[in-house]
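Thank you all for coming. I would like to take a few minutes to walk through one model with you, and I would ask you to keep the picture in view while I speak.

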Amino acid sequence: MFHTPQAVLRVGKLKSIECLRTAARHNSRTTAVPNADENKTVEILQGQTSPEAVVELARAKIGSQKVRKDAVIAADILLGASPSYFRPSCPEDYGYWQQKQLVLA
């Protein structure tokens with residue numbers, strides 16, 4: 001059966017270091033995520049892999065600049081596609097993808 005590939009793009013503003021830390025912990029699953037399937041793992045394909053490293057990178061980029069109270073210090077961006085896009089020959093094969101479908105810029 002052929003499934004039309006679907007895509008998701010979500011962008012969220014993070015306005016504090018604590019919000020950034022919470023998002024990084026959620027995304028890396030280092031904290032409990034009630035709506036996530038605990039039998040599946042998260043694979044970070046690019047960028048920092050630990051919440052602490054994400055926070056330190058943000059702090060390094062901010063440096064000694066004064067940050068306004070209402071400033072956005074980071075964006076939480078999720079871009080995903082359906083299994084039929086990443087694995088057209090076998091969409092149910094979780095955790096594997098065809099490398100040519102995954103292009104990191």
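I will go through the core, then the salt bridges, and then a loop residue and a pocket.

Please bear in mind throughout that what you see is a predicted model.

Let me begin with the core. The largest nonpolar core is made up of 7 residues, namely Leu 14, Ile 17, Leu 20, Ala 23, Val 55, Ala 58 and Ala 74. Two elements, helix 1 and helix 2, the latter spanning 51-62, give two or more residues to this core, and the largest share, 3 residues, comes from helix 1.

Ile 17, which lies in helix 1, residues 17-28, is a good place to look in detail. Setting aside residues up to four places away in sequence, Ile 17 touches Val 55, Ala 58, Arg 59 and Ile 73. Ile 17 and Val 54 are 37 residues apart in sequence, while their C-alpha atoms are 9.9 Å apart in space. Ala 74, another member of the core, is in contact with Gly 12, Lys 13, Leu 14 and Leu 20, again leaving aside its neighbours within four places in sequence.

Now to the salt bridges, of which the structure holds 4; I will describe some of them. In one, Asp 76 pairs with Arg 10, with the closest N and O atoms 3.6 Å apart. Because Asp 76 lies in strand 2, residues 74-81, and Arg 10 in strand 1, residues 7-14, this pair ties together parts that are 66 residues apart in sequence. Asp 76 counts as buried, at 17% relative accessibility, whereas Arg 10 is partly exposed at 42%.

A salt bridge also joins the side chains of Glu 56 and Arg 59, at 3.6 Å from N to O, and since these residues are 3 apart in helix 2, about one helical turn separates them. Glu 56 is partly exposed at 47% relative accessibility, and Arg 59 is likewise partly exposed, at 41%. Arg 68 and Asp 70 meet through their side chains at 3.0 Å, N to O; here Arg 68 counts as exposed, at 59%, and Asp 70 as partly exposed, at 47%.

Finally, what is the phi of Arg 29? Although Arg 29 is not a glycine, its phi is positive, at about 60°, and the residue sits in the loop between helix 1 and helix 2. Arg 29 also helps to line the second largest pocket, together with residues including Ser 28, Thr 31 and Lys 40. That pocket has a volume of about 160 Å³, and its lining divides into 4 nonpolar, 3 polar and 4 charged residues.

Notes: Residues numbered from 1 in each chain as written. Predicted model: local features only at pLDDT ≥ 70, side-chain atom pairs only at ≥ 80, totals over all residues. Heavy atoms only, no water. Helix = DSSP H or I, 4+ residues; strand = E, 2+ residues; numbered from the N terminus. Contact = heavy atoms within 4.5 Å. Core = buried A, V, L, I, M, F, W, Y, C linked by side-chain atoms within 4.5 Å. Buried < 20%, exposed > 50% of the residue type's maximum accessible area, 1.4 Å probe, protein only. 1 Å grid on protein atoms, 1.4 Å probe; cavity = no way out; pocket = protein on both sides within 12 Å on 5 of 7 lines; lining within 4 Å. Points joined across faces, edges and corners; volume = space filled by probe spheres on them. Nonpolar A, V, L, I, M, F, W, Y, C, P; charged D, E, K, R; others polar.
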